[in-house]
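Subject: Structure handover

Hello,

Here is the structure to look through. Please open it beside this email and follow along.

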Amino acid sequence: MIDRVHNFSAGPAALPLPVLQKAQEELLALPGVGSSVMEISHRSKAFSAINQEANDNLRQLLNVPENYKILFLQGGARLQFGMIPLNFLADSPTAADYVLTGSWGKHACKEAKLVGDVNVVWDGGETNYDRLPSADQLQLNADAPYVHFTSNETIQGVQFDADAQMGNAPWVCDASSDILCRPVPIEKYGLIYACAQKNVGPAGVTLVIIRDDLIEKSNEKIPTYLNYAVHAKGDSLYNTPPSFAVYMVGLVAKWLLEDIGGLAKMEETNQQKAAMLYEAIDASNGFYAGHAQPECRSIMNVAFRLPSDELQDTFLAEAAENKLTTLKGHRSVGGIRASIYNAMPTEGVAALRDFMKDFAAKNS
Ligand SMILES: *Cc1c(COP(=O)(O)O)cnc(C)c1O
């Protein structure tokens, strides 16, 4: 067995070990096919089955209603930042609403401004995005073509509750770093999107879950690849899809269904994992300072600081010696960030928690 570390990378992030093992087992020849999934036509029977099964399993996991399509696209979440306004804002008489709760929401908003009018309904920049708005702080326009928000800000570690309310315009959500971490009421959304490389699979494929009425509103005057209706009509096979990445997403979905037992179970474990680290922060008498306000702490990305840059560097070096890796925070927030997506096992989080306690005791 190869020696694997506890990898707290924010993305591309750790994948479930059983998924990697399955892929390794099938890498040279898919059963019954005799070729790797990377070597067969995307129009073959074998790949169609993989594409369909990945779709069906995600539909079951997230309880996606009939009037929604699940699409596998490319270009990452960043392309969605542009595709969304190109399809729904370009011809709109009203501005789109954007809720800015961190770096990714800001990037999404900037792209939308290239296309049309945007109304920033809330911006947490004043406190370096350490908190979220309450429902009554949002001046939402029901006539907006959509309201865009980020369910989990990966860099700042602030996450909306699964039952957050965003008003009456279609909800468009960047769920790149928390999709599949818990059940979500899909029926409340117009469109949810997520790049795969945090919580769903390898980089290269982007999930889009979109309601039929929005598909019908897609813009036909933009390049064909950017039109949602084209992908919805062609089962995400308009052009060659990232077939290996789609295959991996299928394996992750199957792992969540069969090994984990669904998203409610996954959430239970995720809550326990996050609580271990936040408890270590809160019990440290201020040695560790969490970035997010306690009421909006993310269960996926735990961002915190130490008393000095020197101690932070020592923390990172000693953590790595203990096989706890990729813990450096994003440069815009500094400090430490532990990304603890679905694939991070409880033992990994427990090892980090124990290390944090020892380190604080030694250095306070
Ligand atoms: C990682 C991330 C992105 C960027 O994804 P790309 O696939 O690199 O375009 C966007 N939004 C959020 C919330 C993310 O975590």
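**What was found**

Let us begin with one histidine. H148 sits in strand 5, which covers residues 147–150. Please keep in mind that this is a predicted model.

Is H148 buried or exposed? H148 has a relative accessibility of 1%. Buried means under 20%, so H148 counts as buried. Its side chain has a polar partner: a contact of 2.7 Å links it to the side chain of Y193. Leaving out residues up to four places away in sequence, H148 touches D97, Y98, V99, A108, V172, D174 and Y193.

**The cores**

V99 is also a good way into the largest nonpolar core, where it is among the residues with the most contacts. That core has 58 residues. The others with the most contacts inside it are F72, M166, I179 and L180. Which helix gives the most to this core? Helix 7 (residues 243–260) does, with 10 residues. Domain 1 (18–260) and domain 2 (262–363) both contribute residues, so the core lies between them.

Look at M166 next. Beyond residues up to four places away in sequence, M166 touches V99, L138, L140, V147, F149, F160 and W171. Another core lies apart from the largest one. This other core has 35 residues, including M276, V302, Y341 and L352.

**The two domains**

The domain assignment gives domain 1 (18–260) and domain 2 (262–363). Their C-alpha centres are 27 Å apart. How many residues are in contact across the two? In domain 1 there are 27, and they are in contact with 25 of domain 2. About 2,200 Å² of area is buried between the domains. Carbon and sulfur atoms give 57% of that area. On the domain 1 side, three residues stand out: I155, C181 and I260. Together they supply 23% of the area that domain 1 buries against domain 2, more than any other three residues.

**A buried threonine**

T154 lies in a loop, between strand 6 (152–153) and strand 7 (158–159). How much of T154 is accessible? The relative accessible area is 4%, so T154 is buried. Its side chain makes a polar contact of 2.7 Å with the side chain of S177. S177 is one of the residues that T154 touches, again leaving out those up to four places away in sequence. The others are A10, W104, K198, N301, R337 and Y341. T154 and V302 show how the chain folds back: they are 148 residues apart in sequence, but their C-alpha atoms are 9.0 Å apart in space.

**Strands to trace**

Start with strand 2 (residues 68–73). Five of its six residues are buried, so strand 2 is largely enclosed by the rest of the structure. Strand 2 pairs with strand 10 (residues 206–211) in the antiparallel sense, over six bridges. Within this pairing, L71 has V208 as its bridge partner in strand 10.

Then find the open sheet of three strands. Its order is 11-12-14, and the pairing is antiparallel. Which strands stand at the edges? They are strand 11 (289–290) and strand 14 (336–339). Each has a single partner strand, so one side of each is left without a neighbour in the sheet. Strand 12 (residues 301–305) pairs with strand 14 over four bridges. A303 has R337 of strand 14 as its bridge partner.

Best wishes

Note on methods:
Residues numbered from 1 in each chain as written. Predicted model: local features only at pLDDT ≥ 70, side-chain atom pairs only at ≥ 80, totals over all residues. Heavy atoms only, no water. Helix = DSSP H or I, 4+ residues; strand = E, 2+ residues; numbered from the N terminus. Buried < 20%, exposed > 50% of the residue type's maximum accessible area, 1.4 Å probe, protein only. Contact = heavy atoms within 4.5 Å. Polar contact = N/O pair within 3.5 Å; in protein donor to acceptor, adjacent residues only side chain to side chain. Core = buried A, V, L, I, M, F, W, Y, C linked by side-chain atoms within 4.5 Å. Domains from an automatic or database assignment. Pairing = 2+ DSSP bridges. Buried area = accessible area lost by both parts, 1.4 Å probe.
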